[in-house]
Amino acid sequence: MQYSVHSPTQFIQTYADQLLPDWSQPILSILVVLQQCSSLMLSRTLATETQKRQGREQFLQFGHQVALELESLGYLADLFDPATGWPLRSPPGRLHLDDVAVVRAALQYPTMAQGDCTLVIHPDWESAVYPSVLVSSAPLSLLETIAAQVSDRYLLDLHH
């Protein structure tokens, strides 16, 4: 798993109130999570659907832990479901979030249209990548610290 912390993309800044209408604090940081898949995501097969399901489950476990830590410090945090683009911890707004577009804007990674999906093209993993996004009202440095702490614990938990 790779992750990086960024300022909100222009889309998130412009449409925050339509993505998360109940939020009382501005979105100050985003966490982009990329997971390597065992095969390229070029077609819908049982293997790629299984990998997407596993990637979603792993992101939800990791992201919920990050969100809980941030919320315990008085910040807002939400994960956007990679399968639907809707927030998982807040009531949805009128717009959903395109995690591939966020990755493209935040990391400048190329993308590729494939059927009804758009794929991230990772510099090392090609299209064998599962992207996901968490947004937060915490400052960048705090989100970075919390993500690192949760990542360390999460990776330990995965190996036990």
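This note walks through a predicted model, from its sheet to its helices and a few side chains.

1. **The sheet.** A good place to start is the open sheet, which is built from four strands in the order β1-β2-β6-β3, with antiparallel pairing. At its edges sit β1 (2-6) and β3 (77-80), each of which pairs on one side only. Neighbouring strands here are turned by 20° against each other on average, with direction ignored. As background, the strands of a sheet pair through backbone hydrogen bonds, and the pairing can be parallel or antiparallel.

2. **A look at one pairing.** Try following β2 (29-36) alongside β6 (129-136). How many bridges join β2 to β6? There are eight, and the two strands run antiparallel. To find your place in the pairing, look for L34, which stands opposite P131 in β6.

3. **Helices across the sheet.** Two helices are worth viewing against these strands. Helix α2 (residues 46-72) lies across β1, β2, β3 and β6, and runs at about 20° to β6. Helix α3 lies across β1, β2 and β6, and runs at about 105° to β2.

4. **The buried face of α3.** Which residues of α3 (residues 99-107) are buried? They are D99, V100, V102 and V103. Seen down the helix axis, the buried residues of α3 fall within an arc of 160°, so they line one face of the helix. Their cover includes helix α1 (10-19) along with the strands β2, β4 (111-114), β5 (117-120) and β6.

5. **The two ends of α3.** Now look at how this helix begins and what comes after it. At the N-terminal end, D98 acts as a cap: one of its side-chain oxygens lies 3.0 Å from the backbone nitrogen of V100. After the helix comes Q108, whose phi is positive, near 60°.

6. **H6 in strand β1.** Residue H6 belongs to strand β1. Is H6 buried or exposed? Its relative accessibility is 17%, so H6 counts as buried, the cut-off for that word being under 20%. The side chain of H6 makes a polar contact with the side chain of S4, at 2.6 Å. Leaving aside residues up to four places away in sequence, H6 touches L28, S29, I30, V32, A106, L107 and L140.

7. **A ring pair between distant parts of the chain.** The model has two aromatic pairs by the rule used here. In one of them, the rings of Y3 and F62 have their centres 6.1 Å apart and their planes at 40°, so this pair is tilted. It links distant parts of the chain, since Y3 is in strand β1 and F62 is in helix α2, 59 residues apart. F62 is buried, at 0% relative accessibility, whereas Y3 is partly exposed, with a relative accessible area of 25%.

8. **A ring pair within one helix.** The rings of F11 and Y15 have their centres 4.9 Å apart and their planes at 45°, so this pair is tilted. Where do F11 and Y15 lie? Both are in helix α1, four residues apart, which is about one turn of the helix. F11 counts as partly exposed at 37% relative accessibility, and Y15 is partly exposed with a relative accessible area of 31%.

Methods:
Residues numbered from 1 in each chain as written. Predicted model: local features only at pLDDT ≥ 70, side-chain atom pairs only at ≥ 80, totals over all residues. Heavy atoms only, no water. Buried < 20%, exposed > 50% of the residue type's maximum accessible area, 1.4 Å probe, protein only. Arc of directions from axis to C-beta. Contact = heavy atoms within 4.5 Å. Polar contact = N/O pair within 3.5 Å; in protein donor to acceptor, adjacent residues only side chain to side chain. Pairing = 2+ DSSP bridges. Axes fitted to C-alpha atoms, helices over the stretch in contact; angles between N-to-C directions. Phe/Tyr/Trp six-rings, centres within 6.5 Å; stacked < 30°, edge-to-face > 60°.
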